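Here is a short report on one protein chain. It goes from the whole fold to selected residues.

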Amino acid sequence: MVKKGIILAGGTGSRMSPLTKAVNKQLLPIHDKPLIFYPLSILMLAKIKNILIIVNKGELNQYKKILPDGKNLGINITYEEQEKPNGLPEAFIIGKKFIKKDNVALILGDNFFYGQSLTSLLERSSRLKKGAKVILHKVNRPYLYGIAKLHKDKKIESIIEKPKKFVSDKAITGLYFFDNKVIKYSEKLKKSNRGEFEITDLLKAYKKNNKLNYEELGRGAVWLDAGSIEDFYNTSSFVSTIEKRQGIKIACLEEIAFNYNWISKTNIKESIKFYGNCEYSTYLKNFI
């Protein structure tokens with residue numbers, strides 16, 4: 001079972017500069033909620049209650065203002081600061097003391113997922129005992145992503161980072177599930193030519209040992225990388241449209257926690273008081 005989750009919320013956010021010169025991109029709003037709510041909701045939907053958020057040095061207090069410790073959500077949130085971005089696998093080195101002997105999930109702080117069958121996919125993935133599992137999604141422009149080429153027996157044949165020629169349209173999303181060996185594998189990685197530890201090298205280490213599996217998001221599911229200006233506003237527009245038409249809230253953390261019996265109505269009332277007079281609070285009032 002995957003009992004712990006890491007949200008990698010550091011990085012320079014250079015693709016969204018100058019917006020990110022003053023505020024970390026994961027604290028910018030996607031419709032009416034900060035971006036960080038969305039990856040956090042994914043870990044919560046996977047029933048992961050122990051969560052580490054890795055942030056840039058000097059930005060810790062900004063996060064603690066909106067997500068202090070998770071007690072109001074029935075979960076445990078801890079933080080670690082990152083000196084500078086050195087690639088995704090560094091999350092497992094920074095989070096070594098947090099992970100201990102458990103299995104762990106990693107989600108990138110600017111990734112957005114939505115879909116009808118998403119919760120069941122997350123619950124299946126969190127039951128991982130050994131090896132690693134990636135989540136794949138079909139894309140139109142595979143040359144922009146890390147791509148998994150699939151074998152006829154439904155195994156991952158190879159992983160190619162931003163292929164120049166078409167080999168597959170199955171992109172590897174920013175959500176991963178690993179057994180505890182991820183720490184050992186990450187510590188053995190060497191930096192690439194661009195001076196970072198590469199997630200593809202980590203996945204290849206699992207593949208070499210025949211321990212790399214995948215789940216695929218269905219046709220009705222949505223995966224968006226909100227790390228650029230265009231994609232950020234496309235994500236916000238998508239959330240706004242869905243919420244207005246269906247009368248639901250995507251990534252309502254209190255709703256998820258309540259539905260899993262992690263918190264009570266009293267906790268939600270305290271959240272309403274904390275958020276103040278806003279659309280999010282109105283939704284919570286109607287919910288209870």
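The text below covers the overall build, then one helix, then several single residues.

**Overall build**

This is a predicted model. The protein chain holds 11 helices and 13 strands. Its radius of gyration is 18 Å, close to the 19 Å that the globule rule gives for 288 residues, so the chain is as compact as a globular protein of that length. The C-alpha trace spans about 50 × 40 × 40 Å along its principal axes.

Of the 288 residues, 52% count as buried. The chain exposes about 14700 Å². Carbon and sulfur atoms supply 48% of that area. Contacts reach far along the sequence: among those between residues at least 6 apart, 74% join residues at least 24 apart. The chain carries 50 positive and 29 negative charges, and the mean positions of the two sets are 5 Å apart.

**Helix α1**

How many of the nine residues of helix α1 are buried? Nine of the nine are, so the helix, residues 37-45, is largely enclosed by the rest of the structure. The buried set runs F37, Y38, P39, L40, S41, I42, L43, M44 and L45. Just after α1, K47 takes a positive phi of about 65°.

**Residues in strands**

Q82 lies in strand β5, which covers residues 76-82. Is Q82 buried or exposed? Q82 has a relative accessible area of 4%, under the 20% cut-off, so it counts as buried. The side chain of Q82 makes a polar contact of 3.0 Å with the side chain of E90. Leaving aside neighbours within four places in sequence, Q82 is in contact with L8, G10, G11, I54, V55, N56, K57, E90 and I94.

K170 sits in strand β11, residues 170-178. K170 is a buried lysine, with a relative accessible area of 18%. That value falls under the 20% limit, so K170 still counts as buried. Beyond four places in sequence, K170 is in contact with L136, H137, K138, G146, I147, A148, L150 and E216.

P29 belongs to strand β2, residues 29-30. P29 is partly exposed, at 46% relative accessibility. Its contacts, again without neighbours within four places in sequence, are P34, F232 and S236. P29 and K130 are 101 residues apart along the chain, and 36 Å separates their C-alpha atoms.

**Positive phi in loops**

Two loop residues have a positive phi although neither is a glycine: K162 and A251. K162 is found in the loop between β10, residues 156-161, and β11. A251 is found in the loop between α8, residues 229-246, and α9, residues 253-259. Which of the two words, buried or partly exposed, fits K162? K162 counts as partly exposed, at 48% relative accessibility. A251 is buried, at 8%.

The table sets out the accessibility of the single residues described above.

| Residue | Relative accessible area | State |
|---|---|---|
| Q82 | 4% | buried |
| A251 | 8% | buried |
| K170 | 18% | buried |
| P29 | 46% | partly exposed |
| K162 | 48% | partly exposed |

**In brief**

The chain matches the globule rule closely, at 18 Å against 19 Å. Helix α1 is largely enclosed. Q82 in β5 is buried and in polar contact with E90 through side chains. The loop residue A251 is buried, whereas the loop residue K162 is partly exposed.

Key:
Residues are numbered from 1 along each chain as its sequence is written. This is a predicted model: local features need pLDDT of at least 70, side-chain atom pairs count only at pLDDT 80 or more; totals for chains, interfaces and linings use all residues. Side-chain values use heavy atoms; hydrogens and water are left out. Helices (H or I, at least four residues) and strands (E, at least two) are DSSP runs, numbered from the N terminus. The radius of gyration is taken over C-alpha atoms; the globule rule is 2.2 Å times the number of residues to the power 0.38. Buried means under 20% relative accessible area, exposed over 50%, partly exposed in between (1.4 Å probe, protein chains only). Contact means heavy atoms within 4.5 Å. Accessible areas come from the Shrake-Rupley method with a 1.4 Å probe; for residues, only the protein chains shown count as cover. Lys and Arg count as positive and Asp and Glu as negative; His and the chain ends are not counted. The place of a charge is taken as NZ of Lys, CZ of Arg, CG of Asp or CD of Glu. A polar contact is a pair of N or O atoms within 3.5 Å; within protein, one must be able to donate a hydrogen and the other to accept it, and residues adjacent in sequence count only if both atoms are side-chain atoms.
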